[in-house]
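Got a minute to go through a model together? Have a look at it first, and then we can talk it over.

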Amino acid sequence: MSTESKESLNFIEQIVEEDIASGKHNGAILTRFPPEPNGYLHIGHAKALWVNFGISQKYGGKTNLRFDDTNPTTEETEFVDSIKEDIEWLGYEWDGEPLYASDYFPQLYQFAIDLIKKGLAYVEDSSAEEIGKMKGDIGVPGQNSPYRDRQIEENLRLFEGMKNGEFPDGTRVLRAKIDMAHPNLLLRDPVLYRIKHETHHRTGDDWCIYPLYDFAHGQSDSIENITHSLCSLEFRHHRDLYDWLIEKLEIFPSRQIEFARMNVEYMITSKRRLPKLVNEHFVNGWNDPRMPTLSGMRRRGYPPAAIRNFCRDTGLAKRDNLIEINKLEYAVRQELNKTAPRVMGVLDPLKVVITNYPEGKTEDLTLINNPEDESQGSRILPFSREIYIEKKDFMEDPPRKFFRLGPGKNVRLKGAYIVHCDGFVKDESTGEVTEVHCTYYEDSKSGSDTSGVKSKGVLHWVSIDHAVKVEVREYDRLFTEPSPLGHEGKDFLEFFNSDSLVINDNAFVEPSLKNAKPGDRFQFMRMGYYCLDEDSNDEHLVFNRTVTLKDTWAKVQKKNN
RNA sequence: AGACCUAUGGUGUAAUCGGUAACACAGCUGUUUUUGGUGCAGUCGUUCUAGGUUCGAGUCCUAGUAGGUCUACCA
């Protein structure tokens with residue numbers, strides 16, 4: 001039968017399958033995830049993780065975790081730890097121990113000597129500024145450095161001097177000798193090594209010369225026998241140098257393949273700008289639930305599976321893209337719908353008195369925890385004469401399609417009874433309804449309703465005597481523009497959404513939530529998904545809003561206005 | 001200005017390498033429902049432009065156009 005439609009492959013999978021078919025590297029597949037430990041992992045890294053681990057998992061290979069730690073000025077152990085934690089949380093497992101480019105410093109130094117001996121590298125005495133001037137321009141050839149034709153012996157001696165700390169920072173560099181007129185600026189004698197008398201987070205003061213990205217990344221790939229080095233599009237030009245070095249050094253031929261990184265509306269992933277949000281206190285740290293970081297999304301309540309599915313569903317190609325935020329939210333809701341237990345929480349309380357319900361009486365009702373997953377069982381919920389409902393669920397003068405509570409209307413209290421609204425109390429000075437009076441139909445109890453009373457709407461509620469007062473943090477998008485970096489002449493901070501966090505300290509939830517642990521995720525019925533924040537303690541529960549539920553009623557109302 | 005990369009519905013991706021455009025999200029309509037949630041059904045809408053090759057082009061060729069990347073001793 002040919003009813004089974006063939007799965008389509010993304011362009012990297014196609015390359016990998018071709019390589020396997022041709023017997024390249026005997027079919028071995030080894031990828032790597034190479035973060036620089038100078039910040040926290042973000043949604044863009046999630047995509048890179050998904051690509052690298054996804055390929056190796058699919059084709060029976062492995063993935064190394066390698067920290068690209070060749071710049072002692074910006075890198076810290078704090079970031080190493082957070083990166084490892086985030087990768088594991090996302091659900092990926094690297095092969096063996098974490099690796100570090102800094103572990104290869106001795107080898108890299110030997111590679112440099114090899115290049116010098118081959119007459120393919122030289123020590124440059126010019127300043128950074130002078131080197132820049134001699135580089136030429138786009139479309140304009142550069143000029144050869146006066147030091148370009150130094151003798152091999154002298155280069156060897158000077159390079160060793162650099163390593164031994166004989167020269168101050170910035171006085172000399174090692175450059176590859178390629179072509180100062182090359183159309184690709186990166187091949188105009190690129191700098192390979194620079195002097196930095198700084199303490200490295202792992203090698204301490206062992207070295208005062210450090211290789212640059214182009215002389216560390218590809219060589220590390222090669223040392224590890226990485227078969228497919230998958231990176232983002234902006235490294236396309238580096239590939240020419242990547243290949244040149246592999247060829248000249250005669251080392252393992254790793255292959256670099258570039259893909260378009262994922263951009264998401266209302267998020268930024270710039271390694272220069274993300275720290276700004278933290279350092280200038282626009283947000284409360286790297287794991288602020290508004291941040292596009294993995295730790296932020298974790299705290300916000302996004303399940304790792306949702307992020308993985310999102311990466312899968314957005315595909316892989318080579319064109320620039322801007323993914324709609326609703327695609328992410330769909331993935332989050334989809335996952336949470338299956339997994340998050342339903343509970344009741346009233347975010348904006350309005351008191352309801354059920355006047356024909358006995359004072360002092362409490363009933364234990366049984367509610368299903370998750371209609372999408374029977375295995376989650378049920379729980380007990382107390383019902384009594386005085387309850388809170390959502391303020392928005394009552395209207396003094398409701399429009400025709402309003403299925404909720406209003407004078408003379410019936411409504412079902414979720415898992416409890418149908419009530420009839422007989423009246424309400426209004427504060428005449430403010431015009432605000434402060435209390436609603438209802439009577440309940442005794443034989444309309446959920447699950448054993450014999451009343452025959454009709455009611456279209458269903459409301460969530462909490463018993464006032466039993467409810468727990470909590471703090472709820474309502475998060476919204478961090479920026480007011482889908483593409484905050486895409487406005488020429490305007491700083492992205494101009495688009496910071498000052499309403500991205502609204503704190504509500506007058507919310508009430510059902511008593512079962514007293515047992516929740518930080519990180520636990522729930523659906524507050526009819527409202528959204530919420531996650532218990534780490535700021536919670538026994539006396540004070542704090543919930544983060546992960547994402548709202550879809551609200552077609554709100555949409556209808558909006559349309560009518 | 002040079003070189004390189006990219007161009008398919010509102011968004012993102014696919015069409016197994018020339019055989020007559022599809023999937024997901026969003027939108028819209030209906031339906032189910034003790035969450036105006038979920039599910040289900042339906043619907044809207046697409047190959048940058050101009051030439052060329054071919055019986056046939058989203059796929060190949062040429063020329064445009066548009067967008068992106070590159071002139072850090074960052075990665």
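What follows is a set of questions and answers on this model.

This is a predicted model, in which local features need pLDDT of at least 70, side-chain atom pairs count only at pLDDT 80 or more, and totals for chains, interfaces and linings use all residues. Residues are numbered from 1 along each chain as its sequence is written, chains are lettered from A and ligands numbered from 1 in the order in which they are written, and side-chain values use heavy atoms, with hydrogens and water left out.

Q: How many residues surround RNA strand B?
A: A residue is near a strand if one of its heavy atoms lies within 4 Å of it. The closest ones to RNA strand B are Asp-137, Lys-271, Arg-319, Arg-342 and Ser-446. The full count around RNA strand B is 69 residues. Of the RNA strand B atoms that come within 4 Å of the protein, the share from sugar and phosphate is 55%.

Q: How many charged residues does the surface near RNA strand B have?
A: Here Asp, Glu, Lys and Arg count as charged, Ala, Val, Leu, Ile, Met, Phe, Trp, Tyr, Cys and Pro as nonpolar, and the others, Gly among them, as polar. The surface near RNA strand B has 23 nonpolar and 20 polar residues. Its charged residues number 26.

Q: Which residue has a polar side-chain atom 3.0 Å from a base nitrogen of RNA strand B?
A: Ala-128 also comes up against a base nitrogen, but with a polar backbone atom, at 3.1 Å. Asn-337 uses a side-chain N or O atom, 2.9 Å from a sugar or linking oxygen of RNA strand B. The one with a polar side-chain atom 3.0 Å from a base nitrogen is His-238.

Q: Is Glu-363 buried or exposed?
A: Glu-363 sits in strand 13 (residues 363–368); strands (E, at least two residues) and helices (H or I, at least four) are DSSP runs, numbered from the N terminus. Buried means under 20% relative accessible area, exposed over 50%, and partly exposed in between, with a 1.4 Å probe and protein chains only. Glu-363 has a relative accessible area of 11%, so it is buried.

Q: What side chain makes a polar contact of 3.0 Å with the side chain of Glu-363?
A: A polar contact is a pair of N or O atoms within 3.5 Å; within protein, one must be able to donate a hydrogen and the other to accept it, and residues adjacent in sequence count only if both atoms are side-chain atoms. The Glu-363 side chain has one such contact with that of Tyr-357, at 2.6 Å. The 3.0 Å partner is Lys-445.

Q: Where is Ser-102, and which side chain makes a polar contact with it?
A: Ser-102 belongs to the loop between strand 3 (99–100) and helix 4. With a relative accessible area of 3%, Ser-102 is buried. Leaving out residues up to four places away in sequence, it touches Asp-69, His-200, Arg-202 and Thr-203, where contact means heavy atoms within 4.5 Å. The 2.7 Å polar contact of the Ser-102 side chain is with Asp-69.

Q: Why does the span of helix 4 agree with its number of residues?
A: The expected span is 1.5 Å times one less than the number of residues. Helix 4 (residues 105–117) has 13 residues, so at 1.5 Å a residue it should span 18 Å, and its end C-alpha atoms are indeed apart by 18 Å.

Q: Which residue in strand 6 is the bridge partner of Val-173?
A: Strand 5 (residues 173–176) runs antiparallel to strand 4 (residues 121–124), with 4 bridges, and antiparallel to strand 6, with 3 bridges. Two strands pair if DSSP finds at least two bridges between them. On the strand 4 side, Glu-124 stands opposite Val-173. In strand 6, the partner is Arg-194.

Q: What are the edge strands of the open sheet of 7 strands?
A: The order is 19-16-17-18-12-15-20, with mixed pairing. Strand 16 (residues 410–413) and strand 19 run parallel, joined by 2 bridges. Pairing on one side only, the edge strands are strand 19 (458–459) and strand 20 (461–463).

Q: What is the phi of His-25?
A: Most residues other than glycine have a negative phi. His-25 lies in the loop between helix 1 (11–21) and strand 1 (30–33). Although not a glycine, His-25 has a positive phi of about 50 degrees.
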